[in-house]
Amino acid sequence: MAGKVFFSVSMSLDGFIAPGSAGELMGRQWMELQQWVFPQRFFRENLKLGGGGEEGRDNDIVREAFERTGASVMGRRMFDAGEQMWPEEAPFHTPVFVVTHTGRDPWERPGGTTFHFVDEGMVSALDRAREAAGDRDVRIAGGGATILEYVNAGLVDEFSIALSPVLFGSGIRLFEGVDADRVALEQVRAEPSPRATHVTYAVRKR
């Protein structure tokens, strides 16, 4: 179990990673936030959106995040929203552990994604994801509240943000409620692209 625990998200310049209402997912703001990723060749291939697409650093970043991930963890709110929107062949292609208060049998999808529902808490979900990932990394897929829980618990090693050139004004902030007295950051990388600015930080304890 040598892999890292990380998350990777798109964020507006005023600090939001999603609209405030699940009903607004896939709406105008969400599409603008994610506009850097939709044209990328790897993203299009992974979601079976057809051939073509852009190559370059943005495409590399999307592919690298996917290739390093051996398992994912997500909250029930994200799963409930995604269950309605993901294609039949969900885009993870690895085990996904859903933190929930309600148990459910595993849900296997075509293409290698199986959702496991963990009602023993966030640490148990991460332990199971680590075991499934082996020497690859575990991605905390979201949503924002789940990411924050893992950050505040000191369980995240690294994260990357794609700063998208859009303003939300309101919504779900990535670090709303972060325990800043316990969390310190070390910048690992910062690189601009034609569509976004990508920053990566290692997480340290204060």
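# Buried and exposed elements of the model

Me: How many of the nine residues of α6 are buried?
Reply: Helix α6 is largely enclosed by the rest of the structure, because most of its residues fall in the buried class (under 20% relative accessible area with a 1.4 Å probe on protein chains only; exposed is over 50%, partly exposed in between). Helices here are DSSP runs of H or I of at least four residues and strands are runs of E of at least two, numbered from the N terminus. The buried count for α6 is seven of nine.

Me: What pLDDT do side-chain atom pairs need in order to count?
Reply: Residues are numbered from 1 along each chain as its sequence is written, and side-chain values use heavy atoms, leaving out hydrogens and water. The model is predicted, totals for chains, interfaces and linings use all residues, local features need pLDDT of at least 70, and side-chain atom pairs count only at pLDDT 80 or more.

Me: Which residue just after α6 takes a positive phi?
Reply: The buried part of α6 consists of Gly-144, Thr-146, Ile-147, Leu-148, Tyr-150, Val-151 and Asn-152. Just after this helix, a phi of about 75° belongs to Gly-154.

Me: Which element gives the most residues to the largest nonpolar core?
Reply: This core (buried Ala, Val, Leu, Ile, Met, Phe, Trp, Tyr and Cys joined through side-chain atoms within 4.5 Å) has 27 residues, of which Phe-7, Val-73, Ile-140, Tyr-150 and Leu-174 touch the most other members. Elements giving two or more residues include β1 (5-12), β3 (69-75), β7 (137-142), α6 (144-152) and α5 (122-133). With five residues, the top contributor is α5.

Me: Which residues of α6 does Leu-174 contact?
Reply: Contact means heavy atoms within 4.5 Å. Beyond four places in sequence, Leu-174 contacts Phe-7, Val-9, Met-11, Gly-15, Ile-17 and Ile-161. The list also holds two buried α6 residues, Ile-147 and Leu-148.

Me: How many residues are in the other core?
Reply: This core lies apart from the 27-residue one. Its members include Phe-79, Val-98, Phe-115 and Ala-141, and its residue count is 10.

Me: How many bridges pair β3 with β7?
Reply: Five of the six residues of β7 are buried, so this strand is largely enclosed by the rest of the structure. Strands pair if DSSP finds at least two bridges between them; β1 and β7 run parallel with two bridges, and Val-5 has Val-138 as its partner in β7. Strand β3 is also parallel to β7, and the number of bridges is five.

Me: Which residue in β7 stands opposite Thr-69?
Reply: The pairing of β3 with β7 is in the parallel sense. Thr-69 has as its opposite in β7 the residue Asp-137.

Me: How far apart in space are Glu-176 and Leu-148, C-alpha to C-alpha?
Reply: Glu-176 sits in the loop between β9 (172-173) and β10 (183-192). Glu-176 is exposed, at 53% relative accessible area. In sequence, Glu-176 and Leu-148 are 28 residues apart; in space, the separation is 8.0 Å.

Me: What is the relative accessibility of Thr-114?
Reply: Thr-114 belongs to strand β6 (residues 114-118). Not counting residues up to four places away, Thr-114 touches Thr-94, Pro-95, Val-96, Pro-106, Trp-107 and Glu-108. Thr-114 counts as buried, because its relative accessibility is 18%.

Me: How far apart in space are Ala-81 and Val-156, C-alpha to C-alpha?
Reply: Ala-81 is in helix α4 (residues 76-85) and is buried, with a relative accessible area of 16%. Ala-81 and Val-156 are separated by 75 residues in sequence, and in space by 24 Å.
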